[in-house]
Amino acid sequence: MNSTTSSLLEILDAGTAERYREVVGDAVTRTAERFATVGTPTTDTPAATLRDRVDAVDLDVPLGTADAAVAEVDRLFSAEAVWFHQPGYLAHLNCPVALPAVAAEAVLAAVNPSVDTWDQSRIGTEIERRVVRWATETIGFPAGDGVFTSGGSQSNLHALLLARQAATATAPQGGPALDDLVVFATASSHFSVRKSAMVLGLPERAVVDVATDGAGRMQPDALAHAIAAVRREGRVPTAVVATAGTTDRGCIDPLGPIADVCDLEDVWLHVDAAYGCGLLVSPTRRHLLDGIERARSVTADFHKSFFQPVSSSALLVRDPADLRRAAWHADYLNPEDADEPNQVDKSLQTTRRFDALKLWATLRASGAAAIGRAFDTVIDVAEQVHEHVRRHPDLVLVAPTQLSTVLFRWQPEGVSDAEADALVAPLRAALLAEGRVLVAKTVVDGRPCDKLTLLNPATSVEQVVAALDRVVATAERLHAARLHAGRTHADRGERAAHTTETTGATR
C-alpha cells in the first residue's frame, strides 16, 4: 500500500496523551543533547549542501510515524541550527531564552489557544491583560493598555496606524490627505518605521529624518525645527518615533526633551524600545529611559532583552482609548455590544498566539529584577569589550553605545580606509562559513563596519575577547591573501607587457 494512504495523522487528544508524552519527550531529549554538546554557534556546512539536503526531501512521501519525523527534524534542522546561547554567537538581536518561558511555550504548542476572542481563551485573555497591565505600570502608564504582537515591526506599524487615525480623526472635513501626513524619525531608526509608512499608504517623503548628535541620538532642537518646517509646507506632523536602543549603535534618544517638543507641538510620541525595554527592570540603568512615561505609545520586544522565545512583543499605550482607533467589529467574532473582553478589538491580528504566558511564567519563576540584572550583565560586558577594542592595536572602535552593541573595524596601522572597508563583508562571510564566530555587518557614517550584539548574560568578557582574536586572525589571513592576489595580478601584467614588448621588437 502507498505510504501516503497508509500513514495516519496523529491528533493530540485524550487517546494519544501517552503518545504525546513519548513523541515530545523524544524531541526534548534530542534537543537537550544538542544543547549539552554543541560547541559552536553553527556548522561549517556549505550553503549549497544545506539547500540540497532540503530539496532532496519529497514532502509527498511521508516517513510514516511521528517518531521518524522527530528524528529527521533533529538530523536535518537541529544538527545545523544557529545556537544563540553559544558564546561565539555575537551577530544580531537574538537572545538565549529563559527556561520557564520555554516550558510555557511547550504548553502553548499543545493546548494551541488563540487570544483573539474571550471564548477561545478565557483565562488566557485575563493573563494577557494582567501581563500588559504590569508592563504599562512598569513604563509609567498607570491606566495604560496594550496588546501582544508578533514583533517590533508589527508593534511599530500598529503605533503609526493609531497615530495616523488620530491625526485624521481630529481634522476638519476634507483633510488632511494621507500625502500630507509626516512621521519624524532618525536615520538610525528601525527600518520598520519607513516600511510601516509605506504599508499605511503614506508617500516616501512622509518620513522625515531628524538630525542626530555625534552618538546618533535625535536632537530635540532639530526636531522642533523639522516640525516647524513641515507646518510651513502645509503638511501635518503626525508622529515622532524616538528610539530607545537603536539597532546598530544601541543609543537612546533623549526621551524627556523630545517629549517636551511633542507636548508643545501636540504630536504623537512613539518610543521604539524594542531593544532597550530591558532597561525598564534594570536595577542600575532605569534612568536611561526617563521620559518614556510621557510617550503616547511604546514598543517593547520581550524576545530581545527579556530573554523570551520568539515571538513576544507588545504595543503599549498610555491612554486605552487610543487602541480603539483601529478597532473593527464583526457580528460573528467581536460584536460591538459584546460583554466579553475580546482582545481582537485591540489587535491587528485575528488568530493570535498566547505569547504573554511565557513572560508570565518567567516573572513568576524569577521576577523582574532577575531579568533586569541579566540585561545589566550584557551591558557591563559590552562596556569592557569596548575598552578592549579601544586598546587593541589592530581594531578601531567605530562608535560608542549605551546598550550592548560593539561596532568595530579591523584596520591596523598601514591598512588604508579602502582596504579596511573592502574587508568587512568578506570577513563576515568567512566567519559565517567557518561557523565558530558569528558577527554582523552594517554601515555607520557612510562606511561599513562589523558589529557584535551581546545578549547572552552567560557570555564572559574573556569569551568575547577570544572571539575577537579569531576575528583578527581571520582578517589578517584574508588581507594577506588579497595582497598576494594583487601582487600576482601585477606580476602577470608586467610579464604580459614584457612579452608584448619583446614580441614587437622581434617583429
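# Briefing: pockets, cavities and salt bridges

The largest pocket holds about 1,400 Å³ of space. The model is predicted. Its chain has 507 residues, and 46% of them are buried. The fold has 17 helices and 11 strands. Along the principal axes, the C-alpha atoms fill a box of roughly 100 × 75 × 50 Å.

**The largest pocket**

- The lining of the largest pocket counts 35 residues.
- T31, F35, W83, V97 and V102 lie nearest the centre of this pocket.
- Three elements give two or more residues each to the lining: α2, α4 (66-76) and α5 (99-111).
- Helix α2 provides the largest share, nine residues.
- By class, the lining of the largest pocket has 26 nonpolar, six polar and three charged residues.

**The second largest pocket**

- The second largest pocket has a volume of about 630 Å³.
- Its lining is made of 36 residues.
- Nearest the centre of the second largest pocket are H190, T246, T247, D248 and K451.
- The elements giving two or more residues to this lining are α8 (152-169), β10 (440-444) and β11 (447-453).
- Strand β10 gives the most, with five residues.
- The lining of the second largest pocket divides into eight nonpolar, 18 polar and 10 charged residues.

**Closed cavities**

- Rolling a probe the size of a water molecule over the atoms shows where empty space is left.
- Four cavities of 30 Å³ or more turn up in a search of the whole structure.
- The largest cavity contains about 100 Å³ of space.
- Fifteen residues line the largest cavity, and Y89, L454, L455, N456 and T459 are the closest to its centre.
- The lining of the largest cavity has 10 nonpolar and five polar residues, but no charged ones.

**Helix α2 and its surface**

- Helix α2 covers residues 17-37, and V24 is part of it.
- V24 joins L12, Y20 and V28 in a nonpolar surface patch of about 320 Å².
- V24 has 34% relative accessibility, so it counts as partly exposed.
- E18 and R21 also lie in helix α2, three residues apart, which is about one turn of the helix.
- E18 and R21 form a salt bridge, with their closest N and O atoms 3.3 Å apart.
- E18 is partly exposed because its relative accessibility is 45%.
- R21 reaches 58% relative accessibility, so it counts as exposed.

**Salt bridges across the chain**

- Side chains of opposite charge can pair when their charged atoms come close.
- The structure holds 34 salt bridges.
- One of these networks of salt bridges links E10, R19, E22 and D67.
- D260 pairs with R294 in a salt bridge whose closest N and O atoms are 2.7 Å apart.
- This pair links distant parts of the chain, 34 residues apart: D260 lies in helix α11 (residues 255-265), and R294 lies in the loop between β5 and β6 (297-301).
- D260 is partly exposed, at 42% relative accessibility.
- R294 is partly exposed too, at 28% relative accessibility.
- D421 forms a salt bridge with R409, and the closest N and O atoms are 3.6 Å apart.
- This pair also links distant parts of the chain: D421 is in helix α16 (residues 417-434), R409 is in strand β9 (residues 405-410), and 12 residues separate them along the sequence.
- D421 has a relative accessible area of 21%, so it is partly exposed.
- R409 counts as buried because its relative accessibility is 5%, and the cut-off for buried is under 20%.

**A buried strand residue**

- L269 sits in strand β5 (residues 268-273).
- L269 is buried because its relative accessible area is 3%, which falls under the 20% cut-off.
- L269 and R19 are 250 residues apart along the chain, and 51 Å separates their C-alpha atoms.
- R19 also belongs to the salt-bridge network with E10, E22 and D67.

Technical notes: Residues numbered from 1 in each chain as written. Predicted model: local features only at pLDDT ≥ 70, side-chain atom pairs only at ≥ 80, totals over all residues. Heavy atoms only, no water. 1 Å grid on protein atoms, 1.4 Å probe; cavity = no way out; pocket = protein on both sides within 12 Å on 5 of 7 lines; lining within 4 Å. Points joined across faces, edges and corners; volume = space filled by probe spheres on them. Nonpolar A, V, L, I, M, F, W, Y, C, P; charged D, E, K, R; others polar. Patch = residues over 30% accessible without salt bridge, like charges linked within 9 Å, V, L, I, M, F, W, Y side chains within 5 Å. Areas by Shrake-Rupley, 256 points an atom, 1.4 Å probe, with all protein chains shown as cover. Salt bridge = Lys/Arg side-chain N within 4 Å of Asp/Glu carboxyl O. Helix = DSSP H or I, 4+ residues; strand = E, 2+ residues; numbered from the N terminus. Buried < 20%, exposed > 50% of the residue type's maximum accessible area, 1.4 Å probe, protein only.
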